[in-house]
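Here is a short briefing on one protein model, arranged by topic. Please look over the sequence and the structure before reading on.

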Amino acid sequence: MNAFIQGLPKVELHLHIEGSLEPELLFELAQRNNIDIPYQSPQALRKAYEFEDLQSFLDIYYQGANALITEQDFYDLTWAYLEKSKADNVIHTEIFFDPQTHTERGIHFDTVINGIYRAMEDGREKLGITSQIIACFLRHLSEQSAIETLQSILKHQDKIIGVGLDSSEQGHPPEKFKRVFQQAREAGLLTVAHAGEEGPAQNIVDAVEMLGVSRVDHGVRCVEDPQLLDALIASKMPLTVCPLSNIKLCVFDEMVQHNIADLLRKGVAVTINSDDPAYFGGYMTDNFLAVNQAHPMSKRELAQFTINAINGSFISDELKANYRAQVEMYVAKH
Ligand code: ADE
Ligand code: ZN
């Protein structure tokens, strides 16, 4: 089954590009940009990646992002992620970035988006991976800061398909961003939001009702509200679940306790994603393998994760049909 998983075409819908910054590249960029890192080596840094909750991770993750300064840095970061994705047979990916993490420390929005976008264009041409960009608002910052960030996003709307919401869920419910999400939707952007990762099931309800999201990022706490669970199944709302992330951030103690297999079998449109692979111990294939090891699945079930991701992606119906056919052909052959 491991070989089947490795070769299975995959679609990633939940990946923070800043979370794909591997310690080796972080050290290289820090040296290039004359930035001090309080660790002796990439290995020592990696050893420090032990988290007890979302916030303990975010503190280290934002520190790591300080090494990203120039457009070339953002290009190199994105290109490295796309090469890893190619090795995992990812055919399409929708990449999050956190503009405010960079603009707050004086890096221009254009520097960030242009570096990421140039790598994505090269990924399409040289690796055959299609991609989209989603700009996320940091929920620990103010509504006003999100509204200002939206103005920059709109200047690059030719490159950005939608907006998302990430960072600390506790204490920053969807309601805080209702108005900026409405403005984004009125401007033609699609919307997604992290909800029900650490926060309660009500945040999922509110993300759907107040933010008009097309997908829920994480959403694993939906099981705490049976009515919500039924509604998610009926509406085929995609959940972008991140199994290794959920273990590293102690959302579940062990993979055997993770509810992703159960959700799939109940008919929820769950997908498998890597979230912040450089920090959580693996990319797409690693996440599939970890799920299948704890919850043995049929080939059809494993392929369903990709089918769900294709259906929930922000690509044309034509490309969706093409990608579904690619997956069906792979399953038929194996
Ligand atoms: N930013 C990067 N990864 C995140 C996660 N898993 N939850 C919330 N914000 C994030
Ligand atoms: Zn995330």
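The largest cavity in this predicted model has a volume of about 100 Å³, where a cavity is a set of points on a 1 Å grid over the protein atoms alone at which a 1.4 Å probe fits but cannot get out, and a volume is the space filled by probe spheres set on the points. Residues are numbered from 1 along each chain as its sequence is written, and ligands are numbered from 1 in the order in which they are written. Local features need pLDDT of at least 70, and side-chain atom pairs count only at pLDDT 80 or more, while totals for linings use all residues.

**The cavity**
- A search of the whole structure for cavities of 30 Å³ or more finds one.
- Its lining (residues with an atom within 4 Å of a point) has 14 residues, and those nearest the centre are His16, Phe57, Leu58, Ser167 and His194.
- Helix α4 (residues 54–65) gives the largest share of this lining, five residues, where a helix is a DSSP run of H or I with at least four residues.

**The zinc site**
- The zinc ion (ligand 2) has as protein donors His14 (NE2), His16 (NE2), His194 (NE2) and Asp275 (OD), at 2.0 to 2.2 Å, donors being N, O and S atoms within 2.8 Å of the metal (3.2 Å for Na, K and Ca).
- Of these, His14 in strand β1 (residues 10–16) and His194 in strand β5 (residues 190–195) are 180 residues apart and link distant parts of the chain, strands being DSSP runs of E with at least two residues.
- Both His14 and His194 are buried, that is, under 20% relative accessible area with a 1.4 Å probe and protein chains only.

Conventions
Heavy atoms only, no water. 1 Å grid on protein atoms, 1.4 Å probe; cavity = no way out; pocket = protein on both sides within 12 Å on 5 of 7 lines; lining within 4 Å. Buried < 20%, exposed > 50% of the residue type's maximum accessible area, 1.4 Å probe, protein only.
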